[in-house]
Amino acid sequence: MAIAFKQETFRDDFSYRNSPENIRRFPFPFDRDEYMYSVNMEPHVKGQNGTVYESLIDVDEHYVAEMRDRALVLKEDPLRYQALPHMMTAQWDTLELLMEEQASGYPEHFSLVKNGDQWRWINRPLGIDDSFTFGDASTLPYEPFEYITRQAQGDFCIVDQRDGNLWMDAGMVTTQADWSLDFDIGMNFMEWHGPVPLAHQIGIFDRALKFLLNLQQGKPTRRFNWTMTINPRLDTSPENYPKWGPDRTTVTPDNVGEKVHLRVELQSLWRLPRSNAILFVIRCYLMNMSELVTVPKWARRFPRVLRTLPPELIDYKGLTRFRETTIDWLSKYDDGASTSPGFFPD
């Protein structure tokens with residue numbers, strides 16, 4: 001079924017909204033009424049229709065608008081895309097993976113035809129029809145990794161595996177939750193996760209690194225991450241903090257519903273076939289509180305989760321200024337009834 005793509009913005013007038021159908025497929029990240037860090041890895045396999053797991057690379061109603069916003073970010077700051085020279089094979093691996101997944105998951109919108117190393121890629125939503133030689137970067141308008149990630153929702157990092165560690169050696173990052181590719185490029189797994197509180201002390205990242213070093217080709221894995229954002233702004237980078245940081249001071253009891261957004265990352269990790277690198281996909285989803293409370297289970301659960309957060313997480317996620325106001329607003333939708341296990345609406 002063809003997707004009806006929305007014309008909307010993630011800046012200035014912030015016209016982004018979710019349709020009722022998109023609210024129901026939102027990847028709500030809490031399967032119980034409390035939250036604490038965990039590795040929370042599971043196989044990245046296809047799930048039921050009408051969810052974000054219907055295809056392994058998700059495309060939704062916000063696709064066209066998100067790609068336009070990415071182009072704006074890259075025009076303002078080209079360093080949001082970087083790839084070290086030794087990552088070219090991994091770039092082609094990534095291009096192949098994303099083209100194949102989009103074409104198989106959404107054949108009405110994307111087509112890929114291969115004739116040996118002569119490939120034709122058609123992206124109907126963006127009006128792209130390109131023929132190129134696989135393996136020859138001169139036949140594309142951008143490097144292969146930049147070319148395809150200008151056409152895929154979410155952020156993308158390629159991590160190289162060497163010396164018993166993972167190194168962030170390429171990335172397209174324009175929808176991040178307050179971290180910088182320009183700062184992290186070339187860092188190893190422990191270095192780029194250095195600022196995260198509590199998780200190091202309880203061994204989360206030691207276990208995660210061990211798991212990822214043994215990730216097998218053809219068996220991608222996934223996990224959730226989450227934070228909260230004021231206004232539906234995709235680009236909450238450190239470089240642009242003066243634009244979005246002050247938004248946290250603008251929340252009032254009267255505007256919580258529209259301004260405060262749950263920001264969820266569905267993170268998937270894929271072992272790449274030729275390079276043996278790992279593609280790290282960070283797919284961002286946004287939903288404001290007025291939309292969230294249309295699902296009664298989530299309306300009950302989310303304020304309970306916010307109440308149980310440790311102080312270190314409240315501070316790290318930047319929730320301090322508006323958490324209590326948000327809890328107060330949400331509380332009128334929590335009738336005290338028990339919530340069923342799991343993530344999905346009842």
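Leaving aside its neighbours within four places in sequence, with which residues is M99 in contact? In this predicted model, where residues are numbered from 1 along each chain as its sequence is written, local features need pLDDT of at least 70 and side-chain atom pairs count only at pLDDT 80 or more, while totals for chains, interfaces and linings use all residues. Side-chain values use heavy atoms, with hydrogens and water left out. Beyond those neighbours, M99 is in contact (heavy atoms within 4.5 Å) with L112, W119, W121, F132, Y147 and I148.

M99 is also one of the residues that touch the most other members of the largest nonpolar core, a group that further includes L95, W121, F132, I158 and L279. Such a core is a set of buried Ala, Val, Leu, Ile, Met, Phe, Trp, Tyr and Cys residues joined through side-chain atoms within 4.5 Å, where buried means under 20% relative accessible area, exposed over 50%, and partly exposed in between, with a 1.4 Å probe and protein chains only. The largest core holds 38 residues, and among the elements that each supply at least two of them are α2 (63-76), α3 (88-105), β6 (155-162) and β10 (278-288); helices (H or I, at least four residues) and strands (E, at least two) are DSSP runs, numbered from the N terminus. The largest share of this core, seven residues, comes from α3. Apart from it lies another core, of 37 residues, among them F28, Y285, L319 and L330.

An open sheet of three strands has the order β3-β4-β5, and its pairing is antiparallel, two strands being paired if DSSP finds at least two bridges between them. Because β3 and β5 (128-133) stand at the edges with a single partner strand each, one side of each is left without a neighbour in the sheet. Between β4 and β5 the antiparallel pairing extends over six bridges, and W119 stands opposite F132 in β5. Helix α3 lies across β3, β4 and β5 and runs at about 125° to β3, with axes being lines fitted to C-alpha atoms, for helices over the stretch in contact, and angles running from 0 to 180 degrees between N-to-C directions.

In the loop between α3 and β3 is H109, which counts as buried at 7% relative accessibility. A polar atom of the H109 side chain lies 2.9 Å from the backbone nitrogen of I3, and, not counting residues up to four places away in sequence, H109 touches A2, I3, F5, I122, N123, R124 and P125.

Technical notes. A polar contact is a pair of N or O atoms within 3.5 Å; within protein, one must be able to donate a hydrogen and the other to accept it, and residues adjacent in sequence count only if both atoms are side-chain atoms.
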